[in-house]
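Student: I should like to learn how to read a ligand site and the pocket around a ligand. Could we work through an example together?

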Amino acid sequence: AGPGALAGTTVTITAGGTREPLDPVRFLGNRSSGKQGTALAAAALAAGARVRLIAAHMDVPAPEGVELIRVETALELRAAVHRAAADSDVVIMAAAVADFRPAQVVETKIKKRDDEADPVITLVRNPDILQELVRARDEAGTGTPTLIVGFAAETGDDTSDVLEYGRSKLARKGCDLLVLNRVGRSLVFGQDETEVRILSPDDSPEAALESAAGTKAEVSARILARITAELAA
Ligand code: C5P
C-alpha cells in the first residue's frame with residue numbers, strides 16, 4: 001500500500017499474546033512477540049490510516065502514532081476489540097489469543113504444601129473473538145467493519161495439510177481474509193522473518209494463492225496492499 005492509500009480509514013489491529021492469570025503472580029501465556037502485529041500497525045500508519053493497536057503482551061514497543069490500548073487477557077481483548085470494531089473499516093486479528101483460561105483465578109499465590117495432593121488446573125474455553133466479530137457484523141447488517149482479517153498459525157510439515165487447515169479455518173471463522181503461516185518453536189514466533197499465504201473465500205482450490213515472504217515489515221506491506229485492494233473492490 002502506497003502512502004495515503006488508506007487515508008481516511010480506521011484500522012484496528014490486535015497484537016501480542018494474551019496472559020491468563022492463575023493467581024496474582026502466575027499466568028498461562030504463549031510465545032507471541034507482537035512483532036507481526038506491530039509491523040502491520042506501522043504499515044497501516046505508513047499508508048495513512050488511523051490505527052488502533054490493541055496490545056496484549058508484546059516483546060517489542062508499539063509504533064509511535066498508534067492509539068494504544070493495552071490488554072492482558074482474552075476477555076479484556078474481546079471487550080476492547082468489540083468496542084473498536086464499531087467504527088473500524090478494517091479489523092486485523094494478529095494477536096495470539098489463548099483458547100483456554102484457568103477456570104478459577106486464585107486470590108492468593110498458590111502454595112506448595114507437603115500434606116496436599118499436587119494441584120490440578122482446570123481450563124475453560126475462551127470465546128472465539130474473530131468468529132464473534134463476523135457474527136456481530138452479520139447480525140447488525142451494517143457491513144462494519146468492511147474487512148475482518150484473521151491469522152492462522154499452524155504447526156505441520158506438509159504444506160498441503162497446512163493449506164487444508166487454513167481453508168477449513170477460513171470457512172469456520174467466516175472472516176474475509178485469512179493470513180496463514182506455519183509456526184514452530186523457532187519458526188515465525190519471535191522471529192523477524194515470516195512466510196505467509198493469504199486465503200480468501202473466493203479462492204478456487206486451484207487458484208494460485210497469494211504468498212509473501214520476507215521480513216515481517218515487508219510481509220505486512222503486502223498484506224496491507226491486499227487489504228487496500230479489497231476495500232477498493
Ligand atoms: O483458532 P485459531 O486460534 O487458530 O485462530 C486464529 C485466529 O483467531 C487469529 O486471528 C486469532 O487472533 C483469532 N482468535 C480469536 N479468539 C480466540 C482464538 C483465536 O479471535 N479465542
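The dialogue below treats the ligand, its pocket and one peptide bond.

Tutor: Please keep in mind that this is a predicted model.

Student: Which residues come nearest to the ligand?

Tutor: One begins with the residues that have a heavy atom within 4 Å of the molecule. Here 13 residues surround the ligand, and M93, A95, P127, L130 and K169 come nearest.

Student: Which polar atoms lie beside the ligand's oxygen and nitrogen atoms?

Tutor: For polar contacts, one looks for pairs of N or O atoms within 3.5 Å. A polar side-chain atom of K169 is 2.2 Å from an oxygen atom of the ligand. The backbone takes part as well: a polar backbone atom of A95 lies 2.8 Å from a ligand oxygen, and a backbone N or O atom of I129 is 3.0 Å from a ligand nitrogen.

Student: How much of the ligand's accessible area does the protein cover?

Tutor: On its own the ligand has 450 Å² of accessible area, of which the protein covers 88%.

Student: What is the character of the shell, and which elements supply it?

Tutor: The shell around the ligand contains eight nonpolar, one polar and four charged residues. Two or more residues come from each of α3 (129-140), β9 (147-154) and α4 (159-173).

Student: How does one find empty space in a protein, and where does the ligand sit?

Tutor: Rolling a probe the size of a water molecule over the atoms reveals where empty space remains. In this model, the ligand takes up the space of the largest pocket, whose volume is about 1200 Å³. Its lining comprises 43 residues, with A95, A96, V97, D99 and A153 closest to the centre. The elements giving two or more residues to this lining are α1 (35-46), α3, β9 and α4. By class, the lining has 18 nonpolar, 14 polar and 11 charged residues.

Student: Where is the cis peptide bond?

Tutor: The cis bond joins T144 and P145, with omega about -10 degrees. P145 is placed in the loop between α3 and β9.

Definitions and conventions:
Residues numbered from 1 in each chain as written. Predicted model: local features only at pLDDT ≥ 70, side-chain atom pairs only at ≥ 80, totals over all residues. Heavy atoms only, no water. Polar contact = N/O pair within 3.5 Å; in protein donor to acceptor, adjacent residues only side chain to side chain. Areas by Shrake-Rupley, 256 points an atom, 1.4 Å probe, with all protein chains shown as cover. 1 Å grid on protein atoms, 1.4 Å probe; cavity = no way out; pocket = protein on both sides within 12 Å on 5 of 7 lines; lining within 4 Å. Sits in = over half its atoms within 2 Å of the grid points. Helix = DSSP H or I, 4+ residues; strand = E, 2+ residues; numbered from the N terminus. Nonpolar A, V, L, I, M, F, W, Y, C, P; charged D, E, K, R; others polar. Points joined across faces, edges and corners; volume = space filled by probe spheres on them.
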